[in-house]
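Me: I'm new to reading protein structures and would like to go through one step by step. Could you help me with some questions about it?

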Amino acid sequence: QENGCRWLYPGIDGEFIPMQDIVATKYHKMADCRFRGQCNEGAEFQPNMMETIDFTPKIGLNVYMLEFSNPDYYSHYYDHKYNPTREPEPVTPETRLQWKRQCEAEIAKRGLQFHDMGHGWTIEPFGIEPVNDPTIPEDAVQYLALCHGKRGLFKGLHPYNTNFCMSNPEARRIVVNHIVNYAKNHTNVDFLHVWLADCWNNHCECEECQKKTPSDWYVILMNELDAELDARGMDTRIVFICYVDTSWPPQTETINHPRRFTLLVAPISRDYTKAVSEDASGATYPPYERNKIELLPEVDQYVKAGQEWQKKCGVEAMLYEYHFYVNQYQDPGTLNFSRVVYDDIRNYRKNGLNGLINDCSQRSFWPNGFAFYIYGQLQFDTSLSYEELMEDYFSHAYGEDWKEVLAIFEKLEAAMDTRYIARKKYVDLKYGKNFNPAMVEGFRKVPGIVADAKPFLDAHKNHPKRVQSVSYKLLRYYMEYCEGLAKCFALKCLGADVEALEAYRKFLADTGKYEVEIETYYDHYMANHYFGHRVFERFENLIGIGDSYAVQ
């Protein structure tokens with residue numbers, strides 16, 4: 001990097017390598033954040049996984065996490081569920097496991113911290129497979145959480161959503177032994193994540209479990225795990241999580257040997273249109289009520305909870321973040337989102353949290369990788385300014401005319417309101433979180449922005465640097481994408497839900513036609529996971545209020 005090299009996207013096409021003589025340089029810098037990485041999520045395909053692992057250390061990151069014993073994220077890609085132009089290519093569990101092992105080897109080659117697992121420990125030790133409609137062994141039912149008067153799968157849903165009865169000492173013994181045996185057989189794991197079930201309000205309601213909070217029982221489990229690892233002479237490092245119900249710190253229990261443990265603070269329900277405060281110590285949150293919680297809406301509340309956990313248990317803490325899950329799609333102009341990423345990293349550190357692992361799609365480079373570049377570079381050196389990072393990235397990605405490209409994004413930012421798209425700017429909740437007729441004017445400006453940019457983009461198709469040709473190609477596709485998306489929202493904001501869904505399905509099919517060309521950078525599955533599931537398939541208004549507005 002000191003000699004002019006830049007890595008702007010994963011893969012060969014993302015490299016900016018100047019062909020010049022090497023100049024001697026001296027550089028010494030301790031990374032400002034201890035944990036700097038990503039965890040697989042979204043719709044992943046194996047060649048892309050190889051590229052993102054290779055890319056990780058090149059932008060200053062040092063952690064790669066693979067969630068689950070056998071990641072099913074591959075199916076999200078290979079089934080091509082949301083792209084009718086591509087035929088399904090189902091992969092078997094054996095293939096997925098083979099690919100996970102290949103990823104582990106590539107992680108080890110680069111000296112990255114390998115973080116493993118997460119969810120699964122609440123059901124797999126009892127012989128329950130993490131698949132839809134699993135067979136529940138008869139002797140396992142007694143160990144599952146009692147919810148709504150019944151022991152079994154929580155709401156009959158996926159096993160990963162089910163907790164076990166943590167007051168049952170035999171159940172804890174089975175779980176601890178399963179974790180220890182896994183650690184013994186996977187000695188390449190640097191940090192083993194031991195999380196409880198996904199979902200919330202799903203903890204055991206039996207008489208014994210109700211005597212302590214889930215976080216207190218969780219700490220008891222961690223201490224028993226620590227004791228068993230110690231008895232077997234194992235120095236395995238364990239990560240436990242402040243997440244949903246365990247966002248509330250324990251009331252009575254504390255970690256016996258903090259050096260083995262790292263706390264993961266996971267603000268799953270926060271607002272990604274605004275950053276964490278520089279000082280979150282004044283935040284408050286309501287008391288815990290078993291199986292009656294509402295997820296904390298503010299990121300500062302999660303930070304305060306994590307600080308209370310640290311104070312109680314004496315452990316180091318980091319973030320498990322979700323910036324690049326679906327939140328990047330909420331800001332078509334990209335600049336507000338990138339600024340939130342920047343401010344979050346600096347302010348989390350000011351609040352005493354030592355780095356981030358992002359639960360993210362490996363294809364979070366649409367239409368460019370500026371936000372992800374900030375994510376890597378800034379955690380390594382938090383003194384870098386937003387402006388110098390922007391100039392560094394944009395000038396290498398788009399060449400000498402990078403400011404004209406920036407102007408395009410500024411126009412998109414002004415026209416496509418990120419807080420509205422993130423469902424934070426509605427005017428009447430009974431008509432849904434995307435009903436706001438005042439937004440239509442901005443969306444109707446997008447075709448004009450696209451038309452105005454076309455001559456400039458057509459004139460910048462080919463460049464001596466391959467990465468710049470790729471950057472402009474992505475931007476041309478992206479302008480078409482923004483125009484199609486704006487048409488959908490111009491209907492949705494008026495309450496014309498049926499017409500908006502029809503327009504969205506056309507948009508999804510049109511984008512899917514060129515998915516193969518852009519799939520290294522754009523996650524078609526996760527884009528639909530947000531726009532489809534959370535916006536256009538939600539018919540909160542079915543009374544035709546949008547018709548009169550649509551005519552106008």
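Me: Where is the place of Q102?

Reply: Happy to help, and keep in mind that this is a predicted model. Q102 does not sit in a loop here: its place is in helix α3.

Me: Is Q102 buried, partly exposed or exposed?

Reply: Buried would need a value under 20%, and exposed a value over 50%. Q102 has a relative accessibility of 35%, so Q102 counts as partly exposed.

Me: Leaving aside neighbours within four places in sequence, which residues is Q102 in contact with?

Reply: Let's begin with the backbone: Q102 and M49 are 53 residues apart along the chain, and their C-alpha atoms are separated by 9.6 Å. For contact we look for heavy atoms within 4.5 Å. Once neighbours within four places are left aside, the contacts of Q102 are Q46 and M50.

Me: How many disulfides does the structure hold?

Reply: A disulfide is a covalent bond between the sulfur atoms of two cysteines. The cut-off for counting one is a pair of sulfur atoms within 2.5 Å. For C39, the nearest cysteine sulfur belongs to C360 and is 7.9 Å away, so C39 is in no disulfide. The number of disulfides in the structure is zero.

Me: Why is the sulfur of C482 not in a bond with the closest cysteine sulfur, and how far away is that one?

Reply: C482 is buried, with a relative accessible area of 0%. The closest cysteine sulfur is in C488, and the two are too far from each other for a bond, because the distance is 12 Å.

Me: Which helix gives the most residues to the largest nonpolar core?

Reply: This core has 185 residues, and those touching the most other members include M222, F394 and Y481. M416 is in that group too, and leaving aside its neighbours within four places, M416 is in contact with residues including C482, L485 and A486. With 15 residues, the helix that gives the most to this core is α14.

Me: Are α14 and α15 roughly parallel or roughly antiparallel?

Reply: Two packed helices are described by the angle between their axes and the distance between the axes. The axes of α14 and α15 come within 8 Å and cross at roughly 170°. Angles over 145 degrees count as roughly antiparallel, so α14 and α15 are roughly antiparallel.

Me: Is the crossing of α14 and α15 left-handed or right-handed?

Reply: Let's look at who takes part: on the α14 side the contact includes Y481, G484 and L485, and on the α15 side it includes A503, Y504 and F507. The crossing of these two helices is left-handed.

Me: Is S338 buried or exposed?

Reply: S338 has its place in helix α7, which spans residues 335-350. Leaving aside neighbours within four places, S338 is in contact with F370, A371, I374 and Y386. The relative accessibility of S338 is 1%, and since the cut-off is under 20%, S338 counts as buried.

Me: What is omega for the cis peptide bond that joins W366 and P367?

Reply: P367 lies in the loop between β12 and α8. The peptide bond joining W366 to P367 is cis, with an omega of about 10°.

Me: What is phi of H80 near?

Reply: The place of H80 is in the loop between α2 and α3, and with 6% relative accessibility H80 counts as buried. H80 is a residue other than glycine with a positive phi, and that phi is near 50°.

Definitions and conventions
Residues numbered from 1 in each chain as written. Predicted model: local features only at pLDDT ≥ 70, side-chain atom pairs only at ≥ 80, totals over all residues. Heavy atoms only, no water. Buried < 20%, exposed > 50% of the residue type's maximum accessible area, 1.4 Å probe, protein only. Core = buried A, V, L, I, M, F, W, Y, C linked by side-chain atoms within 4.5 Å. Helix = DSSP H or I, 4+ residues; strand = E, 2+ residues; numbered from the N terminus. Axes fitted to C-alpha atoms, helices over the stretch in contact; angles between N-to-C directions. Parallel < 35°, antiparallel > 145°, perpendicular 65-115°, else oblique. Left-handed = near helix turned anticlockwise from the far one by under 90°.
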